[in-house]
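Please open the structure in your viewer and keep the selection tool at hand, since each stop below names what to pick out and then says what is there.

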Amino acid sequence: MAKHETPLLDELEKGPWPSFVTDLKQQAETKPECWDILGQLELSYVDRITHWKHGGIVGVFGYGGGIVGRYSDVPDKFPGVEHFHTVRIAQPSGLYYSTENLRALMDLWEKYGSGVTNMHGSTGDMIFLGTRTENLEPLFWDLTHDLNQDLGGSGSNLRTPACCLGESRCEWACYDAQEICNALTQHYQDEIHRPAFPYKFKFKFSACPNDCVAAIARSDFAVIGTWKDDIRIDQAAVKQYMAGAEGYPANGGSHKGGNWGAFDIQKEVVDLCPTNCMWMEGDELKIDNSECTRCMHCINVMPRALRPGVEKGASICIGAKAPILDGAQFATLVIPFIEVSAEDEFGEVIDVIEKVWDWWMEVGKNRERVGETMQRIGLPTFLSVMEVEPIPQHVKEPRSNPYVFWKEEEVPGGWERDVVEFRKKHAA
Amino acid sequence: MASIEHKGKSYEVDEDGFLLKGAEEWDDNWVDYVKNVEGIAEITDEHQKVIDALQEYYKKNGIAPMVRILSKTTGFPLKRIYELFPSGPGKGACKMAGLPKPTGCV
């Protein structure tokens, strides 16, 4: 395939950040179709419009998703991207790899595709960028038979779940995010591969409220770790922080590039606590844990002195989505605390998931995210189908309008009234 | 646009092999063609039931039914639909029934 002139893209080889243009040119030395990727992209830079056709429906037998079909609208100019399908590959939870596995995957992709990837798609999948329809089944065969790996999800189904790296290397993890992410991915293979929902549905698992996988913003079903008992304080370590001792920089040294002065526990921790539930007694740090909302700030600032409690679990928040159709939403708190335990194979979390699905699959409209169904039908109804008692924690503030619905059985006398009876006491 | 020849008849299709003119060109010969490309050995009454349900719903509503509705009207659980149509209700059954290509974030 011919090399193309790419003056605009060439500009993007300048500067310190790793250049995707340089990488593509390097890849084009062994995979000439990459010249056509660059060529079509250059054309888009000139024309200021995409040159991919609308949509594309391709796949492998047995699955209803996993591959995103794409065709060039200028295939005569750029035959290398006439077909340019994207294959989503299920990733390991936490994205830990061996070079052996990555080499095997890349050998496969060099054989059947462009060799260009996205590590990783924002939902989490490893993404193989660009292949032809006739390569899909052979690629899938080798992927499953030789590498023992599977496709990710696409379409109106359960998308590929993702998690933070959890207990693997974080001292704040309140549950094993990788374990549940993997277990539920296995448990719900059917729901991932064969679209059966009104619309897409995503799981994300963050092991603490820092939410490193952004579950509260990017998943319909967010499991976010927390604890029920007291923050564990090591007063000796607190003193080390206050003394500015070697090895005890605030925030693990995150701000060492700036000149922020000596660590001031009053200013940087106590006064910034959102509930004001911390104070110093002499040189001892005190926390009124009953007033703590577990925002993580004090723990983030003094990781060697403060730790989450020992009674750990998670909160479940439901309904986050991007703006389309009726506005962006973060997830809403539904279950304040739940045990997340591999011992019962995450049965408690699975119970919650199935209640959401049973309801949403029945009442959800075509292409309506669960967050929109909750908005349309209302949080009270949603909580009742979830079999959750409404509690103050379910709202940030009570409603300010008085348009309150009552159930007929809650009102003495019900709704059946006779105007003649009314007129006996109130003349017209 | 590409066209496909099957047993002496030609059909206008898009890159993914969906009928561009839908019901206008759809016939049993088309079903026979799609059978071969969608991994189906024999068209059974069950296949026909799914095709009929899709066409009827599309004629009435102008869109393809949601998966749940297809399962309800045919009585086939999703698992059975995949046994009948290995590519699934969208790529397999809708293509065979001559419905437009599914769109959106697929």
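The tour that follows goes through a predicted model, beginning in chain A and ending in chain B.

Begin at the surface by selecting A:Leu8, A:Leu12, A:Phe20, A:Tyr45 and A:Val46, which together make a nonpolar surface patch of about 430 Å². Of these residues, you may want to centre on A:Val46, which has its place in helix α3 (residues 33-47) of chain A and is exposed, with a relative accessible area of 51%.

Next, select helix α5 of chain A, residues 133-145, and colour A:Leu136, A:Leu139, A:Phe140, A:Asp142 and A:Leu143, which are buried. If you then display what covers these buried residues, you will find among the covering elements the strands β1 (67-68), β2 (86-89) and β4 (126-129), together with helix α4 (99-112), of chain A.

Now turn to the aromatic rings, of which a search of the whole structure finds 19 pairs over all chains. Select A:Phe197 and A:Trp357, whose ring centres are 4.9 Å apart and whose planes stand at 50°, so that the pair is tilted. A:Phe197 lies in the loop between α7 (189-193) and β6 (203-206) of chain A, while A:Trp357 lies in helix α12 (residues 347-363) of chain A, and the pair therefore ties together parts that are 160 residues apart in sequence. Both A:Phe197 and A:Trp357 are buried.

For another pair, select A:Phe203 and A:Phe205, where the ring centres are 6.1 Å apart and the planes are at 70°, so this pair is edge-to-face; A:Phe203 and A:Phe205 are both buried. To see the wider setting, add A:Tyr188, A:Phe201, A:Phe221 and A:Trp360 to the four residues already chosen, since A:Tyr188, A:Phe197, A:Phe201, A:Phe203, A:Phe205, A:Phe221, A:Trp357 and A:Trp360 form one aromatic cluster.

Two further stops show a charged side chain over a ring. In chain A, select A:Arg304, which lies over the face of A:Tyr248 at 4.2 Å from the ring centre, and in chain B select B:Lys49, whose charged end sits over the ring of B:Phe76, 5.3 Å from its centre.

Stay in chain B and select helix α5, residues 88-97, where 9 of the 10 residues are buried, so the helix is largely enclosed by the rest of the structure. The buried residues include B:Gly88, B:Pro89, B:Lys91 and B:Cys94, and the buried residues of this helix pack against α1 (28-37), α2 (45-61), α3 (67-74) and α4 (78-84) of chain B. Finish at B:Gly98, which follows α5(B) and has a positive phi, near 85°.

How values were computed:
Residues numbered from 1 in each chain as written. Chains lettered and ligands numbered in written order. Predicted model: local features only at pLDDT ≥ 70, side-chain atom pairs only at ≥ 80, totals over all residues. Heavy atoms only, no water. Patch = residues over 30% accessible without salt bridge, like charges linked within 9 Å, V, L, I, M, F, W, Y side chains within 5 Å. Areas by Shrake-Rupley, 256 points an atom, 1.4 Å probe, with all protein chains shown as cover. Salt bridge = Lys/Arg side-chain N within 4 Å of Asp/Glu carboxyl O. Helix = DSSP H or I, 4+ residues; strand = E, 2+ residues; numbered from the N terminus. Buried < 20%, exposed > 50% of the residue type's maximum accessible area, 1.4 Å probe, protein only. Contact = heavy atoms within 4.5 Å. Phe/Tyr/Trp six-rings, centres within 6.5 Å; stacked < 30°, edge-to-face > 60°. Lys NZ or Arg CZ within 6 Å of the ring centre and 35° of its normal.
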